[in-house]
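Have the sequence and the model side by side as you read. This walk starts with the whole chain and then goes through it part by part.

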Amino acid sequence: MGVSKSANARVPRSAIFAASPHGYLVLDTNFMIIDVNDRYLCITGSKADDLIGKLLFDAFPDDPSDATADGTNNLRKSLEIVVATGKPHRMAVQKYNIPIRDSADGAFEEKYWQPFNAPVFQDGQLIALIHHVEDVTSEFIGRRDQAIRLNLAKQVSGIGYGELDLQTGTANVSHELADLFGYPDTEGTFPITKLFKRIHPDDLEHVKKSLEEVTVSDPTLNADYRIVLPQGDIRWLNTRGEVLFEYGKPARFIGASLDLTHTKKREEVLQKTLTERDKLLEQKETLLGDVNHRIKNSLHLVSSILRLEAASVEDDHVKHSLQQASLRVHAVSSVHELIYKSQNVTHVDVGEYIPQLVDFLSTSTETDSKQIEKVVDAQAVVLPTDLAINLALLINELVTNAHKHAFIEREQGRVDVRLHQEGTLLTLTVSDDGIGSAKGLERVGLGSKIVAGIVSQLGATMEKRATEHGYCVEIEIPMPAG
């Protein structure tokens, strides 16, 4: 299969130059522009008439609004090197803003270039220069912005990066990591021991053990530890990273360290505050417990005095009043005793207290010679102390009232006391198998007034009713929130 004649035809170099995907300028040895390809015109936003026949630095002057502009100076030096040496010269990435053609205010566009300048020889004589550029503006700005963001993140978060070569015992660390370890203005490679030297002696074994315990299946490391700075200050660090294995053995550790000092100090202050708070609360509990103990003793003394006074008077009405007063004081006193024993100054469990109170009331009334059976069914309910005191007074009045009025002319009987909670409702029931309401139960004495006052204060409801076998009082008390 033959090759066509057209395929073998010589392609003009001018056509290749014009169609090149890269931007080219051709300069004479005095840096005058003598030719330009289409790609160069495109990336600079120029026309051939804007450039050909002009000095390169007149066609592309420095941006007058940029005081740091040095593009023309750097490019001139590179071209002079090519002229002097006859060898190509690749420049570093240059910021070289270019004029916006046909701009009314002479504005410039920010640009970054990768220039390459080469000589053109004919018969051994330098006759021209080729100026080749690549527009790297987007790439450069992207890298610059990323570097700025990373640097800001490092500064704000106090993060340092590093790599430990576990086989050679060397560390390559960033400036930020070196600074965290108390080596300011330092970065690069140095012995791992230089880092370990800063770790607090009590934490060094923990850090080394954490490195030793990583495995191929779980190569991650996460360790908190302290370092001791040259001035003696303590800094807390958290290091996280991953160990890379080679031939089944740990080879390198790549990780980052974060300054936790501020957080740790706040935790220490918080812990100290909580400890002090707990001590104060403990002191408060102790003091309140002591107060309740003293109140109990004082009320018990008052109750005893009233009881002794009742025994010394002959008037039955006065005697009864003193006895009732003594029982009421005792009811309040017994709640304070319960508070003291429970070591809880705000709430008490009345489940065990109510049977004891009923026993005391039964043996302290005028009917103690009679055989009155006491049946108590009290659910273990934890109540606020003020509600427990009111409940004790209610039981005191209702039980003593039953003893006083239900068993007239009878030597035997039964009193039932029940306390149950269902949801937010507490129900107290005191019933007896006595004579019902036939005699004296409709009288409104001091005890009845006390009961009515407490019921009203608690927002409770009370129902009194005669039963088939006696009398019953049922009080429903709404439980306080919390």
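Helices here are DSSP runs of type H or I with at least four residues, strands are E runs of at least two, and both are numbered from the N terminus. Counted that way, the protein has 14 helices and 21 strands. The model is a predicted one.

Take the whole protein first. It has 482 residues, and 38% of them are buried. Among the contacts with a separation of 6 or more, 54% join residues 24 or more positions apart.

Now go to the start of the chain. Helix H1 covers 13-19 and strand E1 covers 23-27, with Ser20 in the loop between them. Is Ser20 buried or exposed? The cut-off for buried is under 20% relative accessible area. Ser20 has 15% relative accessibility, so it counts as buried. Setting aside neighbours within four places in sequence, Ser20 touches Asn37 and Arg39.

Strand E1 leads into a hairpin. Its partner is strand E2, residues 33-36, and the two pair in the antiparallel sense over 3 bridges. Leu27 sits opposite Ile33 of E2. Between E1 and E2 there are 5 residues. Phe31 lies in that turn, with a positive phi of about 70°.

Two loop residues further along also have positive phi. Asp102 belongs to the loop between strand E5 (98-99) and strand E6 (108-109). Its phi is near 65°, a positive value in a residue other than glycine. The cut-off for exposed is over 50% relative accessible area. Asp102 has 77%, so it is exposed. Next comes Asp123, in the loop between strand E7 (112-122) and strand E8 (125-135). Asp123, which is not a glycine either, has a positive phi near 55°. At 80% relative accessibility, Asp123 therefore counts as exposed.

The next stop is a sheet. Which strands build it, and in what order? Reading across, the order is E11-E10-E9-E14-E13-E12. The sheet is open, has 6 strands and is paired in the antiparallel sense. Its edges are strand E11 (188-191) and strand E12 (220-228), each paired on one side only. From one strand to its neighbour, the average turn is 25°, direction ignored.

A helix packs on this sheet. That is helix H9, residues 201-212. H9 touches E12, strand E13 (234-246) and E14. The direction of H9 makes about 160° with that of E12.

Look next at strand E9 within the sheet. On one side, E9 (residues 159-165) pairs with strand E14 (residues 249-259) over 7 bridges, in the antiparallel sense. Ile159 has Leu258 of E14 as its bridge partner. Leu164 is bridged to Phe253 in E14. E9 also pairs with strand E10 (residues 170-173), antiparallel again, over 4 bridges. Here Leu164 stands opposite Ala171 of E10. E9 and E10 form a hairpin with 4 residues between them. Gly169 is in the turn and has a positive phi of about 75°.

Which residues of E9 point to the buried face? The side chains alternate along the strand. Gly160, Gly162 and Leu164 point to one face and are buried. Ile159, Tyr161, Glu163 and Asp165 point to the other face and are not buried.

Finish with a pair of helices. Two packed helices are described by the angle between their axes and the distance between the axes. Helix H13 covers residues 385-405, and helix H14 covers residues 446-458. They pack at an angle of about 150°, with their axes 9 Å apart. Angles over 145 degrees count as roughly antiparallel. H13 and H14 are therefore roughly antiparallel to each other. Their crossing is left-handed.

Which residues make the contact? H13 brings Leu387, Asn390, Leu393, Leu394, Glu397 and Leu398. H14 meets them with Gly447, Ile450, Val451, Ile454, Val455, Gln457 and Leu458. The residues of this contact divide into 9 nonpolar, 3 polar and 1 charged.

How values were computed. Residues numbered from 1 in each chain as written. Heavy atoms only, no water. Axes fitted to C-alpha atoms, helices over the stretch in contact; angles between N-to-C directions. Parallel < 35°, antiparallel > 145°, perpendicular 65-115°, else oblique. Left-handed = near helix turned anticlockwise from the far one by under 90°. Contact = heavy atoms within 4.5 Å. Nonpolar A, V, L, I, M, F, W, Y, C, P; charged D, E, K, R; others polar. Pairing = 2+ DSSP bridges. Buried < 20%, exposed > 50% of the residue type's maximum accessible area, 1.4 Å probe, protein only.
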